[in-house]
Amino acid sequence: MNGQLFVNTDRDLMMVLDADHRIMAVNDRVTEVSGLSAEECTGHCCYEIFTEQQETDSPGFTLRSCSGGEVSFSDLAPRGREKTFQVDSVPLSGPEGRNSYSLCIARDVTDVRNMEEKIFRTHRMETIGMLAGGIAHDFNNILTAILGFAEIARAKLSAGRPVTEELDEVIAASRRAADLVGQILRYSRAGDQQKKPLRMDLVVKEALKMLRSILPATIDILTDIAREETLVFADPTSIHQVVVNLCTNGLRAIGTEKGSLQVRLGKVFLSSSQVPAAANVAPGPFVELTVRDSGKGMDKKTMARIFEPYFTTGKQGEGTGLGLAVTRGIVQKYNGFIR
Ligand SMILES: Nc1ncnc2c1ncn2[C@@H]1O[C@H](COP(=O)(O)OP(=O)(O)O)[C@@H](O)[C@H]1O
Ligand SMILES: [Mg+2]
């Protein structure tokens, strides 16, 4: 077994590992990225040549990648640069029997991940801008109430009458304002996406609460949110973004007409024939979110392009065409699909 076996692609890192996951051979790209010669790499585990510290969970990566699965990992930081690699591993047979070696191929997906991250952020800023507009409007209404009750209280006070009721109103309205500000802050601050067990019903309800503040009175929101636990393993901001985007698309489709938006959330069990083959997800239990609007819908030509980043039929200033691209990215990340 020797290094010349490899194709020296300028992108993929290739290594042959022995049964103990020690490097037997590497291609030129590995020496480039690690800054070590092929001889220096030989006999080491890959985490030893790519990271300064030799422990943490890197050995885990080695083991997982050697079992023939696919894994992304970051913090591979030769000379301070952080990179993300997608790793594939193929067991090889040698004179000692089956699986005595493995070929490990790591593809640098740093640029792809960075681009995805950028699109995600751009879209979130767009959403925040829109929500902020609605919230400012709501906030103004609350201020009007606070001012009104405060003025009544002042007039009553000078007449020597009790003002407890008015003060209660002022307090309640101020709490609503604080809650509103809290929502937008939580949403804009949640920069780092962290997956955790999440009750979809709660996130959807919170997103709808926010959306109500930007809805014109001509649009009804009808909700049907399952009472049972709709637990997913996801990051709340991403799910929030999905709901907001699907609903704002619906709102835009309805326009200034009278109309309605229906939002449904429930658990479903999908068999293999119900899961689209292209989705590449396993059949089983799913949480299904349905958003339906009374708008004009779209033609086939539009439908074929809706997931393209920057595809939009919205007028200037209305949308950037990122919404559904980001939405699909999020849903796929959580092993789901859109239909
Ligand atoms: N509910 C809907 N009804 C009709 N057309 C829609 C709907 N949702 C999305 N679309 C179409 O898909 C396009 C892309 O949507 P999206 O990615 O969210 O970008 P944007 O909302 O910024 O235009 C929209 O411009 C519109 O043409
Ligand atoms: Mg949109």
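**Asn280 and the loop after strand 9**

I started with Asn280, which sits in the loop joining strand 9 (259-270) to strand 10 (284-293). This is a predicted model, so I keep to what the coordinates say. I looked up the phi of Asn280 and found it near 60°, a positive value in a residue that is not glycine. That is worth a note, because most residues other than glycine have a negative phi. Buried or exposed, I asked of Asn280? Asn280 is exposed, since its relative accessible area is 71% and the cut-off for exposed is over 50%.

**His21, another positive phi**

Next I went to His21, in the loop between strand 1 (12-18) and strand 2. Phi of His21 is near 65°, again positive in a residue other than glycine. His21 has a relative accessible area of 19% and is buried; the cut-off is under 20%.

**Asn27**

I then checked Asn27, placed in the loop that runs between strand 2 (23-26) and helix 1 (28-34). Its relative accessibility is 1%, so Asn27 counts as buried. What does the side chain of Asn27 have for a polar partner? I found the backbone oxygen of Asp12, 3.1 Å from a polar atom of that side chain.

**Ligand 1 and its shell**

Then I turned to ligand 1. Which of the 20 residues around ligand 1 come nearest? My list reads Asp293, Thr312, Thr313, Gly321 and Leu324. By kind, the shell divides into six nonpolar, twelve polar and two charged residues. Helix 8 (236-254) and helix 10 (323-333) each supply at least two residues of that shell, and helix 8 gives the largest share, with five.

I wrote down three polar contacts:

- Asp293 puts a polar side-chain atom 2.8 Å from a nitrogen atom of ligand 1.
- Asn249 has a polar side-chain atom 2.9 Å from an oxygen atom of ligand 1.
- Leu324 uses a backbone N or O atom, 2.8 Å from an oxygen atom of ligand 1.

How much of ligand 1 does the protein bury? Taken alone, ligand 1 exposes 530 Å², and the protein buries 90% of that.

**The magnesium ion**

I looked up the protein donors of the magnesium ion (ligand 2) and got Asn245 (OD1) and Asn249 (OD1), lying 2.2 to 2.8 Å from the ion. Asn249 is thus on both of my lists, as a magnesium donor and as a polar contact of ligand 1. Water is not among the atoms, so the site may look incomplete. Where do Asn245 and Asn249 lie? Both are in helix 8, four residues apart, which is about one turn of the helix. I compared their accessibility: Asn245 has 7% and counts as buried, whereas Asn249 has 28% and counts as partly exposed.

**Helices 8 and 10**

I stayed with helix 8 for its geometry. Helix 8 has 19 residues and spans 27 Å from its first C-alpha to its last, close to the 27 Å expected at 1.5 Å a residue. Why do I call helix 8 largely enclosed by the rest of the structure? Because 14 of its 19 residues are buried. Helix 8 is followed by Gly255, with a positive phi near 70°.

In helix 10, I find Gly323, Leu324, Ala325, Val326, Thr327, Ile330 and Val331 buried. Leu324 is thus buried and also one of the residues nearest to ligand 1. Just after helix 10, Asn335 takes a positive phi of about 55°.

**Helix 7 and Met210**

Helix 7 (residues 200-212) has 13 residues and reaches 18 Å from first C-alpha to last, close to the 18 Å expected. Its buried residues include Met200, Asp201, Val203, Val204, Ala207, Leu208 and Leu211. I singled out Met210, also in helix 7: with 1% relative accessibility, Met210 counts as buried. Met210 and Ile184 are 26 residues apart in sequence, and I get 8.5 Å between their C-alpha atoms.

**Val87**

My last stop was Val87, in strand 4 (residues 83-94). Val87 counts as buried, at 1% relative accessibility. How far apart are Val87 and Ile105 in space? C-alpha to C-alpha they are 5.7 Å apart, with their positions 18 residues apart in sequence.

Note on methods: Residues numbered from 1 in each chain as written. Chains lettered and ligands numbered in written order. Predicted model: local features only at pLDDT ≥ 70, side-chain atom pairs only at ≥ 80, totals over all residues. Heavy atoms only, no water. Near = heavy atom within 4 Å. Polar contact = N/O pair within 3.5 Å; in protein donor to acceptor, adjacent residues only side chain to side chain. Areas by Shrake-Rupley, 256 points an atom, 1.4 Å probe, with all protein chains shown as cover. Nonpolar A, V, L, I, M, F, W, Y, C, P; charged D, E, K, R; others polar. Expected span 1.5 Å × (residues − 1). Buried < 20%, exposed > 50% of the residue type's maximum accessible area, 1.4 Å probe, protein only. Donors = N, O, S within 2.8 Å, 3.2 Å for Na, K, Ca; no water.
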